[in-house]
Amino acid sequence: MQEFPITRAPASKPKPDPKTLVFGKTFTDHMFLMNYETGKGWHDGRIVPYGPIPMEPCAMVLHYAQEVFEGLKAYRSPDGGVQLFRPMENALRLKSSCERLCIPAIDPQTVVDAITQLVRLEADWVPSEPGTSLYIRPFVFATDPSLGVHASHTYLFAIICSPVGAYYAEGINPVRIYVEDEDVRAVKGGTGFTKCGGNYAASIRASERAEEQGYAQVLWLDGVHRKYIEEVGSMNVMFQVDGTVITPTLTGSVLPGITRKSCLELLKSWGVPCEERLITAQELFDAAEAGKLEEAWGTGTAAVISPIGEMGWEGRHVVVNGGEIGALTHKLYDTITGIQWGTIPDPYGWTVKV
Ligand code: COI
């Protein structure tokens, strides 16, 4: 494993109360940084005290959003150790996001090594209360001091860590959602399959409107036909219809989620029929009204599995599984979180000790 030089923080900050952790508000003592410059490539990987990053006001990222990020977690296992969940998947997705945003890709093994070394150093920050973890946020952004619209010649790759509790206040309780029919988060040919900040910026207005109306999230439709379901909030989405799990296929505007992939692998290993295909809001609501929609849930790193209890679309309103978490949703949640926290065996080799 590559080792990077460490400049230690003069003192460790006080740790937050693990019982009242919220998502992404407190950060650990150190961060990882690495620079890119045309001609020199990625260089000078290092761990330094967590703190502000000086930047020119004209830095390209602030104007043209040439930026990508990742999200993964470190978990405290019952033996007191710390483990990561499929970190190479994140490193590979970061590479694919970089390529789309015209950012020089970082060697995936270097990304995994940097994450591992940082988490090792910050091991004391990995909480052990049930449901808590250390959220790891790698991100890459353009730093050229220039307002010309072109690929930057300089970039910074950074990794920060935040001890977290549940992402949604609802935790594993089913959420209410509706189909968003005005805004779209991404379009085919755009950046929907990447984890770039712009996708999330485009999603905020609809999320705000949903929250104002008492809904937790929106169900996104595709940007071309405005009829195929793509994602829910910032998560992938799955529906169990008549015994078969259906999830939107990766058309280019859908994020290739690692929790999505893990769920599909688990479901297939359990013999549950799965289909990755296009599904319209019409088909979904027709199935629900015919009593065939058994369960629905979102999948993502932050919330893991988020059951959907109620859905609205064009004046139609359906309740899923009586508004309760379904058996399959629960089994997926228990299995994935059990493997992540090391409370059940990991026959898939998904976890990596740091
Ligand atoms: C996730 O579900 O992991 C996300 O992508 C949400 C994150 C942007 C906070």
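In helix α3, Val111, Val112, Ala114, Ile115, Gln117, Leu118, Val119 and Leu121 are buried. An α-helix has 3.6 residues a turn, so residues three or four places apart point the same way. The helix covers residues 108-121 of this predicted model. Its 14 residues should span 20 Å at 1.5 Å a residue, and the end C-alpha atoms are indeed 20 Å apart.

Helix α2 also has 14 residues, 87-100. Its first and last C-alpha atoms lie 20 Å apart, close to the expected 20 Å. Buried positions in α2 are Pro87, Glu89, Asn90, Ala91, Arg93, Leu94, Ser97 and Cys98. Just after the helix, Cys102 adopts a positive phi of about 65 degrees.

Arg86 occupies the loop between β5 and α2. Its phi is near 50 degrees, a positive value in a residue other than glycine. Arg86 has 21 other C-beta atoms within 10 Å and therefore counts as buried, the cut-off being 20 or more.

Strand β5 comprises residues 82-85. Val82 and Leu84 point one way from the strand, Gln83 and Phe85 the other way. All four of these residues are buried. β5 pairs with two strands. Strand β4, residues 72-76, runs antiparallel to β5 and is joined to it by three bridges. Here Arg76 stands opposite Val82. The hairpin of β4 and β5 has five residues between the strands. Within this hairpin, Gly80 takes a positive phi near 90 degrees. Strand β17, residues 351-353, also pairs with β5 in the antiparallel sense, over three bridges. In that pairing Leu84 faces Val352 of β17.

A further antiparallel arrangement involves β11, β14 and β15. Strand β14, residues 293-300, is mostly covered, with eight of its eight residues buried. Six bridges connect it to the antiparallel strand β11, residues 236-241. Val241 has Leu293 of β14 as its bridge partner. β14 also runs antiparallel to β15, with four bridges between them. Thr299 is partnered by Ile305 in β15. A hairpin through three residues joins β14 to β15.

The ligand is surrounded by Gly71, Ser234, Met235, Gly300, Thr301, Ala302 and Ala303. By class, this shell holds three nonpolar and four polar residues. No charged residue belongs to the shell. One of the surrounding residues, Gly300, falls within β14, which covers residues 293-300.

The largest nonpolar core contains 45 residues. Ile177, Tyr178, Leu219 and Ile308 have the most contacts inside this core. Tyr178 touches several parts of the chain. Leaving aside neighbours within four places in sequence, its contacts are Ala210, Tyr215, Val218, Leu219, Met311, Gly312 and Trp313. A second, separate core has 43 residues. Val112, Leu134, Val140 and Phe157 are among the residues of this second core. Val112 is also one of the buried residues of α3.

The loop between β15 (304-313) and β16 (316-319) includes Gly315. Gly315 has 5 C-beta neighbours inside 10 Å and so counts as exposed. The C-alpha atom of Gly315 is 10.0 Å from that of Tyr178, although the two residues are 137 apart along the chain. Glu314 is found in the loop between β15 and β16 too. Glu314 takes a positive phi, near 45 degrees, in a residue other than glycine. Because Glu314 has 11 other C-beta atoms within 10 Å, it is exposed.

Ile246 lies in strand β12, residues 244-248. Ile246 is buried because 24 other C-beta atoms lie within 10 Å. Setting aside neighbours within four places in sequence, Ile246 contacts Phe239, Val241, Glu275, Arg277 and Ile279. Among these contacts, Val241 is the residue that bridges to Leu293 in β14. Ile246 and Ala123 are 123 residues apart in sequence. Their C-alpha atoms are 38 Å apart in space.

Key
Residues are numbered from 1 along each chain as its sequence is written. This is a predicted model: local features need pLDDT of at least 70, side-chain atom pairs count only at pLDDT 80 or more; totals for chains, interfaces and linings use all residues. A nonpolar core is a set of buried Ala, Val, Leu, Ile, Met, Phe, Trp, Tyr and Cys residues joined through C-beta atoms within 7 Å. A residue is buried if 20 or more other C-beta atoms lie within 10 Å of its own, exposed if 12 or fewer, and partly exposed in between; C-beta atoms are placed from the backbone. Two residues are in contact if their C-beta atoms, placed from the backbone, lie within 7 Å. A residue is near a molecule or strand if its C-beta atom, placed from the backbone, lies within 6 Å of it. Ala, Val, Leu, Ile, Met, Phe, Trp, Tyr, Cys and Pro count as nonpolar, Asp, Glu, Lys and Arg as charged, and the others, Gly among them, as polar. The expected span of a helix is 1.5 Å times one less than its number of residues. Two strands pair if DSSP finds at least two bridges between them.
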